[in-house]
Amino acid sequence: MVGSASGSIAADLDGKVNEMALITDIHTHVLPGIDDGPNDLEAAQNLLAAFHASGTDRVFCTSHLLSPHFDSNLDGLRAAYHRLTEGLTRHDGPELALGAELRMTASLADLLRMGEVPALGDSHYVLCEFRSDHVSTRALELVHELVVRGYQPIMAHPERNLELQKHPERLDELAACGLLFQVTAQCFEAGPHDGHPGQRLAWRMLEEGRVAVIASDAHDPAVRPPGLLPAYEAISAHAGDAVAEVLIMNANAIWADEPVRELVPARPKRSLWRRVFG
Ligand SMILES: [Fe+2]
């Protein structure tokens with residue numbers, strides 16, 4: 001891990017709330033020249049600046065790995081991370097750690113065999129990508145393989161999965177396999193009953209206490225931008241400050257390789273979030 005947390009938000013707070021206000025993003029595409037994130041180092045640095053401006057303090061760099069859409073490999077991710085972080089000691093931006101968005105595909109068996117599964121930083125959490133149209137039995141077998149080896153798999157953006165949009169009851173089965181769920185933050189910027197099916201599933205999952213963590217999945221400063229505060233504010237307004245706080249703490253727990261907490265949705269009683277971040 002390199003760099004230093006900006007502390008820009010934490011500086012306005014104190015005590016427990018201060019710790020809570022460190023903003024960690026566990027799913028981003030910031031490494032240069034790997035996937036559909038930034039093409040080169042300059043674009044990656046611009047994206048990092050956008051993370052900083054959005055109030056994000058810590059970023060896991062989770063480029064695609066084993067995806068059929070990108071020809072990436074673990075050495076390439078490590079080299080790009082080194083290029084991005086080299087000489088970053090004076091960088092006034094988010095603290096970085098290397099991870100991957102790991103596709104649940106047959107090739108994962110090789111990484112498992114070699115003990116080369118890319119977790120999030122030094123943690124035991126692994127960000128897992130599934131096909132977007134359904135969740136296969138083979139993918140769940142790979143999830144099981146991760147679990148038995150001591151990893152904690154996190155399913156990236158389940159709200160986008162077409163099968164889960166039609167059959168959200170399948171989320172029970174996925175959770176029983178040991179998956180935690182990471183929902184895309186931007187989904188919460190539409191109201192609970194507005195937006196596309198993915199956004200509605202995101203709110204439903206939140207209300208049912210299924211969301212462990214939210215993340216930006218940022219690729220670009222403009223098209224798929226960083227920034228979690230608008231989502232936390234919307235969640236706070238609709239589901240209560242306590243829900244937003246648990247989600248913030250869970251992202252920080254993943255960074256620290258500590259257990260995440262279960263979500264207990266509740267209606268807001270006071271507008272702490274607006275007072276602090278408004
Ligand atoms: Fe992603």
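This report describes the iron site, the residue H157 with its surroundings, the largest pocket and helix α8 in a predicted model.

**The iron site**

The iron ion is coordinated by four residues, H27 and H29 through their NE2 atoms, E101 through OE and D217 through OD, at 2.0 to 2.3 Å. Because the angles that the four donor atoms subtend around the iron ion run from 81 to 165°, the arrangement is irregular; four donors would count as tetrahedral if all angles lay between 85 and 135 degrees. For reference, the ideal angle for four tetrahedral donors at a metal is 109.5 degrees.

Along the sequence, the donor residues follow the spacing H-x1-H-x71-E-x115-D. The pair H29 and E101 thereby links distant parts of the chain, with H29 in the loop between β1 (24–25) and α2 (41–53) and E101 in strand β5 (residues 101–103), 72 residues apart. Both H29 and E101 are buried.

**H157 and its surroundings**

H157 is located in the loop that runs between β7 (152–156) and α6. Is H157 buried or exposed? H157 is buried, because its relative accessible area is 9%, which falls under the 20% cut-off. When neighbours within four places in sequence are set aside, the residues in contact with H157 are H27, E101, E129, Q182, T184 and D217, and among these H27, E101 and D217 also coordinate the iron ion. Two separations involving H157 are set out below.

| Pair | Kind of separation | Value |
|---|---|---|
| H157 and E101 | polar contact between side chains | 3.2 Å |
| H157 and T184 | between C-alpha atoms, 27 residues apart along the chain | 5.6 Å |

**The largest pocket**

The largest pocket holds about 280 Å³ of space. Its lining comprises 22 residues, and those lying nearest its centre are E129, F130, S132, H157 and R160; of these, E129 is also in contact with H157. Strands β5 and β7 each contribute at least two residues to the lining of the largest pocket. Strand β5 is also where the iron ligand E101 is found, and H157 sits in the loop between β7 and α6.

**Helix α8**

Which residues of helix α8 (residues 197–207) are buried? The buried residues are G198, Q199, L201, A202, W203, M205 and L206. In an α-helix there are 3.6 residues a turn, so residues three or four places apart point the same way. The elements that cover the buried residues of α8 include α6 (162–166), α7 (170–176), β8 (180–184), α9 (229–239) and α10 (241–255). After α8 comes G209, for which phi is positive, near 75°.

Methods: Residues are numbered from 1 along each chain as its sequence is written. This is a predicted model: local features need pLDDT of at least 70, side-chain atom pairs count only at pLDDT 80 or more; totals for chains, interfaces and linings use all residues. Side-chain values use heavy atoms; hydrogens and water are left out. Donors are N, O and S atoms within 2.8 Å of the metal (3.2 Å for Na, K and Ca); water is not among the atoms, so sites may look incomplete. Four donors count as tetrahedral if all angles lie between 85 and 135 degrees; four count as square planar and six as octahedral if opposite donors are over 155 degrees apart and all others between 65 and 115; anything else is irregular. Helices (H or I, at least four residues) and strands (E, at least two) are DSSP runs, numbered from the N terminus. Buried means under 20% relative accessible area, exposed over 50%, partly exposed in between (1.4 Å probe, protein chains only). Contact means heavy atoms within 4.5 Å. A polar contact is a pair of N or O atoms within 3.5 Å; within protein, one must be able to donate a hydrogen and the other to accept it, and residues adjacent in sequence count only if both atoms are side-chain atoms. On a 1 Å grid over the protein atoms alone, a cavity is a set of points where a 1.4 Å probe fits but cannot get out, and a pocket is an open set with protein on both sides within 12 Å along at least five of seven lines; lining residues have an atom within 4 Å of a point. Grid points are joined across faces, edges and corners, and a volume is the space filled by probe spheres set on the points.
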